[in-house]
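These are my notebook entries on a single chain, kept in the order in which I looked things up. I begin with strand pairing, then turn to single residues, and leave the chain as a whole for the end.

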Amino acid sequence: MFRMQVNEEVSLKLLEMEDAKEIFALVDESREYLREWLPWVDHMKNEKDYEPVIEMWLKQFSSHDGYQAGILYNGKLAGMVGFHGIDWSNKKASIGYWLAKNFQGNGIMTTAVKGLIDQAFQEYELNRVEIQCGVENKKSRAIPERIGFKQDGIIRDAEYLYDHFHDTILYSLLAREWK
Ligand SMILES: CC(C)(COP(=O)(O)OP(=O)(O)OC[C@H]1O[C@@H](n2cnc3c(N)ncnc32)[C@H](O)[C@@H]1OP(=O)(O)O)[C@@H](O)C(=O)NCCC(=O)NCCS
């Protein structure tokens, strides 16, 4: 099963059925803060709701189409990060992420995303990695900006969040720009 040690404190692991309880509890305790930017939070009402989703994540990984991984910070589940499918024809992928509220402010996500970028360019030999963030989502935008992504533009009404559309910024990083 997939595991990646990114640095001493941060590692990634594929979530399995036995993790449904822990992932539910983590999202549940940060529900109000996560739902501001993530459209799926209200749909996840109990532990059972994660079972078909975990099955889908495992299938995504086994079909070599990216993955969604749990982030462990000093061994504790802190959030998730992953590739939303891989466009092998055009050698590109986009990264998505979230952290539970209490794990913010430690550089965990910046570290995890750097790990995915290394993997995208070195192991998968992709040419382009994208990250899409809400225009108003300052903490999320700080991640690609801190890492050196460039802004490609604004996508108007890109996402529907419960009762409104919001604009996103598309960031990208190319293999030749990554040291
Ligand atoms: C977006 C999100 C993951 C950002 O979390 P975060 O903790 O700010 O990001 P990081 O883990 O990379 O940490 C960066 C912070 O840690 C600090 N930090 C400490 N050590 C650091 C290190 N070694 N490297 C980088 N930053 C470090 C940074 O200064 C920054 O703090 P600041 O915001 O006060 O300047 C989080 O806010 C979140 O999950 N939000 C809700 C869901 C969401 O919006 N998802 C994205 C949808 S597009």
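**Entry 1: strands 3, 4 and 5.** I looked up the pairing of strand 4 with strand 5 and found that the two run antiparallel and are joined by 7 bridges. Since this is a predicted model, I take the pairing as a feature of the prediction. Within this pair, I noted that Met-80 has Trp-98 of strand 5 as its bridge partner. The hairpin that these two strands form has 4 residues between the strands, and in it Lys-91 takes a positive phi near 55°.

I then went to the pairing of strand 4 with strand 3, residues 68-73, where I found 6 bridges and again an antiparallel course. Here Ala-69 is matched with Val-81 of strand 4 as its bridge partner. In the hairpin of strand 3 and strand 4 I counted 2 residues between the strands, and Asn-74 has a positive phi near 50° there. As for cover, strand 4 spans residues 76-87, and 9 of its 12 residues are buried, so I wrote it down as mostly covered under the cut-off of 20% relative accessible area.

**Entry 2: strand 6 and Glu-130.** I next asked in which sense strand 5 and strand 6 pair. They pair in the parallel sense, over 4 bridges, with strand 5 covering residues 92-99. Strand 6, residues 128-134, is mostly covered, with 6 of its 7 residues buried.

In this strand I stopped at Glu-130, which stands opposite Ser-94. Is Glu-130 buried or exposed? Its relative accessible area is 14%, and because buried means under 20%, Glu-130 counts as buried. I listed what it touches beyond four places in sequence: Lys-92, Ala-93, Ser-94 and Ile-95, together with Phe-149, Leu-170, Tyr-171 and Ser-172.

**Entry 3: Val-113.** For helix 4, residues 108-123, I chose Val-113 as the residue to examine. Its relative accessibility is 0%, and it therefore counts as buried. Which residues does Val-113 touch once those up to four places away in sequence are set aside? I found Val-81, Ile-95, Tyr-97, Ile-131, Ile-143 and Ile-147. I also looked up the separation of Val-113 from Val-81, which lies 32 residues away along the chain, and the two C-alpha atoms are 7.5 Å apart. Val-81 is already in my notes as the bridge partner of Ala-69.

**Entry 4: positive phi outside glycine.** I checked Glu-125, in the loop between helix 4 and strand 6, and found a positive phi of about 55° although the residue is not a glycine. With a relative accessibility of 54%, Glu-125 counts as exposed, because the cut-off for that class is over 50%. I then checked Asp-157, which is found in strand 7, residues 150-161, and has a positive phi near 50°, again in a residue other than glycine. At 47% relative accessibility, Asp-157 is classed as partly exposed.

**Entry 5: Pro-39.** I looked for Pro-39 and found it in the loop between helix 2 (31-34) and helix 3 (50-62). Its relative accessible area of 26% makes it partly exposed. Leaving aside neighbours within four places in sequence, I found Pro-39 in contact with Glu-159, Tyr-160, Leu-161 and Tyr-162. With Glu-159, the separation in sequence is 120 residues, whereas the C-alpha atoms are 8.4 Å apart in space.

**Entry 6: the chain as a whole.** I closed with the totals, beginning with the secondary structure, which comes to 5 helices and 8 strands. From the N terminus on, I read the order as β-β-α-α-α-β-β-β-α-β-α-β-β. The chain has 179 residues and a radius of gyration of 16 Å, which agrees with the value near 16 Å for a compact globule with that number of residues. The C-alpha trace spans about 40 × 40 × 30 Å along its principal axes.

Of the 179 residues, 49% count as buried, and the accessible surface comes to about 9800 Å², with 47% of that belonging to carbon and sulfur atoms. Among the contacts with a separation of 6 or more, 58% come from residues 24 or more positions apart. For charge, I noted 22 positive and 29 negative side chains, with the centres of the two sets 4 Å apart.

Methods
Residues numbered from 1 in each chain as written. Predicted model: local features only at pLDDT ≥ 70, side-chain atom pairs only at ≥ 80, totals over all residues. Heavy atoms only, no water. Rg over C-alpha atoms; globule rule 2.2 N^0.38 Å. Buried < 20%, exposed > 50% of the residue type's maximum accessible area, 1.4 Å probe, protein only. Contact = heavy atoms within 4.5 Å. Areas by Shrake-Rupley, 256 points an atom, 1.4 Å probe, with all protein chains shown as cover. Lys, Arg positive; Asp, Glu negative; His and termini not counted. Charge placed at Lys NZ, Arg CZ, Asp CG, Glu CD. Pairing = 2+ DSSP bridges.
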